[in-house]
Structure formats: C-alpha cells, structure tokens
Amino acid sequence: MQVILLDTGICRVPEFHVLRDGSRRMLDCHAVVALIEHPQRGWGLFDVGYSQAMISATQQLPWSLYRQATPLQLSPELEVVNQLPRYGLSAADIGWIVLSHAHADHVAALADFPQAQIYMSAVAFELLSQVQGINALRRGIIPSLFPQGWHQRLHLIYEFRDQPLFALGNTHDLFGDGLLKLVELPGHARGQIGMYIANSRPILLAADGAWHSRAIREQVLPHPIIYFMIDDAKAMATTLARLSAFAQAYPEVLIVPCHCPEIYASEVATA
C-alpha cells in the first residue's frame, strides 16, 4: 500500500503544554494526515486536517476562542484537496475517510470530500451529537465544520473484536482483510481511534494518543494546564503507557502522533 503523510497546517503552543518537562518556547505543531491507497478500496484518508473552513468557522465568539488558544498558520496550498493533484488525484478519487476523533483540527476539511464514505467510532459520534456551544468548544469540537448531510455517508464503528495489537487491545479490521486495523486510544478525546497499517513498513497512526514522539519514548504526559480540554486524564495516561509498551515491543513500526514535530521533520518535510 502507498501511504503518504501530508502536512495541513500549524498550530503554535508552548512546548511545556505538549511535554510537561518542556520549555516555554513555542512549538510548531503540524496537523498531519495520511493519504492511503488500499489495494481494493482505493484512495482514502486518515483524518482530513485543517482547511480555510477553519478560519471562517472561528470568526466569531465563542469559536474565535479556539484560535486564540491555539494560534494557527494555514495556507490554501496545504489543504489536502489542493495537494492531491501532486499525486494525480482529485477529491473525487477519495472514496473513504477515517476520522480519528471529532476535534476541529482533524475534521476541518471534511466538506472538501462530498463523495467519500466516512468512518468514526460510535462513541465519538455520540458525544458529537450531544454537545453544542461552549460545551462543544471546550471539547475541541466546532459543529459547523461537519457539512450538511454528512450523516448519510457515515459508518459508525461499534465494536473492536478483531485481532489485538500488543498492549493496545482489540482492533476493528476496517475492510476485513487485515490491512487497516483500527484501535481505541481513549483519553485525549472521547472515542478516539488510531489506525495500524500492515504494510511493508508498518505504521501506527496514533492521532492525539500522544502529541510528541518523545512523550511515547519517555512516557512524558502533557502539562495539567491543558487537562480542562482532555476527556479523561487517567485514560490518556494509560493510552500513553500502552503506546510506549507497543513502541518498545515493535521498534520497526513507525508511530505517527499527528502533531509531532519530530515526525514532521523526518517523514513529511523531507518527503
């Protein structure tokens, strides 16, 4: 399978927000998504990242608070839909999308793919359906980023009963062929899932299970100052410990935290 990691834009945060032992210097946290060519199901995406829709959706209160909390650096050429021609593709070629969770930085470009079938966990969708206003914003959710009628293309994932990944638990085999295995990564956001890609170079897309590869290597949690927007801090710590155990057991697997500056430098900027 061809797997291409794409940068879709930056939010800037102090390093100690991401790693509690970090400094006050500002980190460029890229929002990386994966463009994946499945041998039978064709091209798809794991998350869709930022788009200019993020700008228009955060013009007014309360949503403008999102941009104040995480200043953004976006440009049209980084939108996934505008990067696809580089690979001979267009939006119509994207047949499926897996959303790791409902946070705005992972779903902002969803409207650019009106034909794609969408997969997300039933737990994440349940929360998305219940929150609005400040309660949604506190959870990183901007409902207006979900285009009208998207539910008609939505496939909810209720069960994770397939072959387990070491330390991470049971999986959901997305297309039933063992190539793309979804795994629960609770804590950061309710219903968050990652994806294990059983490729010649295996990859674990860890979403926001960690924000930095060093967090996984050394089990460094984020600063408690950001816990107000975390769904379950205890579960987040457990997920980080499990990712660390998996990384130690399978060093050959490339683990991709969505916003990690190390991953951006080694796997995206140089591609």
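What follows is a short exchange about a strand, two cavities and a pocket in a predicted model.

Colleague: Why is strand β5 called mostly covered?

Modeller: Strand β5 spans residues 94-98, and 4 of its 5 residues are buried. Buried means under 20% relative accessible area. So 4 of the 5 residues fall under that cut-off, and the strand counts as mostly covered.

Colleague: How do you know that β3 and β5 pair?

Modeller: Strand β3 covers residues 42-46, and 4 bridges join it to β5. Pairing needs at least two bridges, so this pair qualifies. The two strands run parallel. One bridge links Trp43 to Ile94 in β5.

Colleague: What makes β5 and β6 a pair?

Modeller: There are 3 bridges between β5 and strand β6, residues 117-121. At least two are needed, so they pair too. The sense is again parallel. Here Val98 stands opposite Tyr119 in β6.

Colleague: On to the enclosed spaces. How many cavities of 30 Å³ or more are there?

Modeller: The count is 2. The largest cavity holds about 80 Å³, and the second largest has a volume of about 60 Å³.

Colleague: Why is a space called a cavity rather than a pocket?

Modeller: In a cavity a 1.4 Å probe fits but cannot get out, whereas a pocket is an open set.

Colleague: Which residues lie nearest the centre of the largest cavity?

Modeller: Gly209, Ala210, Trp211, Pro222 and Met236 do, out of 13 lining residues. By class, that lining has 10 nonpolar, 2 polar and 1 charged residues.

Colleague: What makes the lining of the second largest cavity nonpolar?

Modeller: Look at the names. Leu5, Val32, Val33, Ala34, Phe46, Leu205, Ala206, Ala207, Val256 and Cys258 line it. Leu, Val, Ala, Phe and Cys count as nonpolar. So the tally is 10 nonpolar, no polar and no charged. Strands β2 (26-38) and β12 (203-207) each supply at least two of the lining residues.

Colleague: What about the largest pocket? How much space lies in it?

Modeller: About 550 Å³. Its lining has 23 residues, and Val13, Tyr66, Ala69, Thr70 and Met229 lie nearest the centre. The elements giving two or more residues to this lining are β1 (2-14), α1 (15-18), α3 (64-69) and α7 (133-138).

Colleague: Which element gives the largest share of that lining?

Modeller: Helix α3 does, with 3 residues.

Colleague: And how does the pocket lining divide by class?

Modeller: It has 14 nonpolar, 6 polar and 3 charged residues.

Notes. Residues numbered from 1 in each chain as written. Predicted model: local features only at pLDDT ≥ 70, side-chain atom pairs only at ≥ 80, totals over all residues. Heavy atoms only, no water. Buried < 20%, exposed > 50% of the residue type's maximum accessible area, 1.4 Å probe, protein only. 1 Å grid on protein atoms, 1.4 Å probe; cavity = no way out; pocket = protein on both sides within 12 Å on 5 of 7 lines; lining within 4 Å. Points joined across faces, edges and corners; volume = space filled by probe spheres on them.
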